[in-house]
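Hi everyone, thanks for making time this morning. I'd like to walk you through a structure, so please have a look at the screen.

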Amino acid sequence: LNDPPPGDWLSFRRTGDGQGFSPLARVNRGNVGELQLAWVLTMREGSNQGTPLVHDGIMYLTSPGNVVQALDAATGELIWEYAN
């Protein structure tokens, strides 16, 4: 957890020291203006202030009502959902 792989975001602000920095270099000052929306997801109603976590290309989200979802981070496709 202290030194996650470059493509992972395993905790709030990514690392234990809370820098919130991604070492990935694909997006830079020269191409940031070319970014486009890849996908959207409608979350359940309520306070949605959770930190999405990413591991091995899977994004894990929490939603109100104790709902946890795993999504393909590249496509937004739902892999699984747990609702308590």
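I'll start with the strands, then turn to some side chains and finish in the segment before them.

One thing to keep in mind is that this is a predicted model.

Let's begin with how the strands are joined. Strands β1 and β2 run antiparallel, with 3 bridges between them. If you want one pair to look for, H55 has I58 in β2 as its bridge partner. These two strands make a hairpin with 2 residues between the strands, and D56 there takes a positive phi near 50°.

Carrying on along the chain, β2 also pairs with β3, again in the antiparallel sense, over 6 bridges. Here T62 is bridged to V68 in β3. This is a hairpin too, with 3 residues between the strands, and G65 in the turn has a positive phi of about 85°.

Now, which side chains of β2 point to the buried face? They are M59, L61 and S63, while I58, Y60 and T62 point to the other face and are not buried. That fits the general rule that in a regular strand the side chains alternate between the two faces of the sheet.

Let me stay with S63 for a moment. S63 sits in strand β2, which covers residues 58–63. Its relative accessibility is 9%, so S63 counts as buried; the cut-off for that word is under 20%. Leaving out residues up to four places away in sequence, S63 touches M43, R44, N48 and Q69.

Two of those names are worth following, and I'll take Q69 before R44. Q69 belongs to strand β3, residues 67–72. Is Q69 buried or exposed? Buried, because its relative accessibility is 9%. With residues up to four places away set aside, Q69 touches a list of residues including L41, M59, L61, S63 and W80. E81 is also among the residues that Q69 touches, and the two side chains make a polar contact at 2.7 Å.

E81 brings us to R44. What does R44 form with E81? A salt bridge, with the closest N and O atoms 3.5 Å apart. This pair links distant parts of the chain: R44 is in the segment before β1, E81 is in strand β4 (residues 78–83), and they are 37 residues apart. The count of salt bridges in the model comes to 1. As for cover, R44 is partly exposed at 41% relative accessible area, and E81 is also partly exposed, at 39%.

Let's move to the segment before β1, where we find T15. T15 has a relative accessible area of 15%, so it is buried. Its side chain makes a polar contact with the side chain of D17 at 2.4 Å. Apart from neighbours within four places in sequence, T15 is in contact with N2 and P4. The C-alpha atoms of T15 and D3 are separated by 6.9 Å, and these residues are 12 apart along the chain.

My last stop is on the surface. V27, V32 and L35 form a nonpolar patch there, with about 260 Å² of accessible area together. V32, for one, lies in the segment before β1 and is partly exposed, with a relative accessible area of 44%.

That's my tour, and I'm happy to take questions.

Conventions. Residues are numbered from 1 along each chain as its sequence is written. This is a predicted model: local features need pLDDT of at least 70, side-chain atom pairs count only at pLDDT 80 or more; totals for chains, interfaces and linings use all residues. Side-chain values use heavy atoms; hydrogens and water are left out. Patches are made of residues with over 30% relative accessible area and no salt bridge: like charges are joined within 9 Å, nonpolar side chains (Val, Leu, Ile, Met, Phe, Trp, Tyr) within 5 Å. Accessible areas come from the Shrake-Rupley method with a 1.4 Å probe; for residues, only the protein chains shown count as cover. A salt bridge is a side-chain nitrogen of Lys or Arg within 4 Å of a carboxyl oxygen of Asp or Glu. Helices (H or I, at least four residues) and strands (E, at least two) are DSSP runs, numbered from the N terminus. Buried means under 20% relative accessible area, exposed over 50%, partly exposed in between (1.4 Å probe, protein chains only). A polar contact is a pair of N or O atoms within 3.5 Å; within protein, one must be able to donate a hydrogen and the other to accept it, and residues adjacent in sequence count only if both atoms are side-chain atoms. Contact means heavy atoms within 4.5 Å. Two strands pair if DSSP finds at least two bridges between them.
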